[in-house]
Amino acid sequence: MTSPQFNHSAHELLDVREVLTMTVSTLNKITMLRPMVKDSELLDILNRQYTFIEQEYNTTLDCFRSGKDPAVPTKSYKMKQDNNFQYGLQSKEPIAPIGSENEINDQVISTFLLGAHKSAASFKTVAALECTNPVVRRVLADSLPNCIEMAYEISIYQNTNGYYQVPQLAEADMKIIQQTYAPAMQPVGV
């Protein structure tokens, strides 16, 4: 019988370590970039997300160390803005890597955040699939919707500010794709 504290597989330990390391890195980068934010809306998003990520990190660390339910359970992230996207593409200046830290702007910062949330979702998914400890698996799985919600919030912010364009197919093409599949029918005798 293994104690809850050591009820972890080797893959789980290594993958959760990656999740925790990546989360610390994200929090550190937010701290470094915060003074460079110009837009008050982005600063509000960044501050709310930092606070949420920090608590989620502590929750994950708690259950990872103890193997038991964390003192503070996983919560659900709630964004403030609506979910309206502007569709379509417009010609813009090509995007290139920045040449100096003086070029760090709200677009660069929000793009970093979007990438961090997408990476977190991938890392947490892999780690959850390797977990043998049911509490750690559940905490990681429960945190995935939060990564998705925070990424969605950033993508809406970017779209509203012209940083993230959303192409859309013609309605006829969308309809063809939507009609490609039919509902599954339960086989006879099942």
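**Exercise 1: the main core.** In this predicted model, find which residues have the most contacts inside the largest nonpolar core, and which helices supply that core.

*Solution.* Start with the size: the largest nonpolar core has 21 residues. Inside this core, I30, L42, L46, I109, L113 and I154 have the most contacts. Now go helix by helix: α1 (10-33), α2, α3 and α4 (134-160) each put in at least two residues. The largest share comes from α2, with six residues. Then look for what lies apart from this core: there's another one, of 13 residues, and V16, F64, A128 and C131 are among them.

**Exercise 2: around L46.** Work out which residues L46 touches, leaving out those up to four places away in sequence.

*Solution.* Click on L46 and list its partners: I30, R34, V37, I109 and L113. Next, follow R34 to a ring: R34 lies over the face of Y50, 5.0 Å from the ring centre.

**Exercise 3: an aromatic pair.** Classify the pair formed by F52 and Y77, then say which parts of the chain it ties together.

*Solution.* A search of the whole structure turns up three aromatic pairs. For F52 and Y77, the centres are 5.3 Å apart and the planes make an angle of 75°. Planes over 60 degrees apart count as edge-to-face, and that's what this pair is. Now place the partners: F52 is in helix α2 (residues 40-66), while Y77 is in the loop between α2 and α3 (106-130), so the pair links parts 25 residues apart in sequence. Last, check burial, where the cut-off is under 20% relative accessible area. F52 counts as buried at 15%, and Y77 is buried at 5%.

Technical notes. Residues numbered from 1 in each chain as written. Predicted model: local features only at pLDDT ≥ 70, side-chain atom pairs only at ≥ 80, totals over all residues. Heavy atoms only, no water. Phe/Tyr/Trp six-rings, centres within 6.5 Å; stacked < 30°, edge-to-face > 60°. Helix = DSSP H or I, 4+ residues; strand = E, 2+ residues; numbered from the N terminus. Buried < 20%, exposed > 50% of the residue type's maximum accessible area, 1.4 Å probe, protein only. Lys NZ or Arg CZ within 6 Å of the ring centre and 35° of its normal. Core = buried A, V, L, I, M, F, W, Y, C linked by side-chain atoms within 4.5 Å. Contact = heavy atoms within 4.5 Å.
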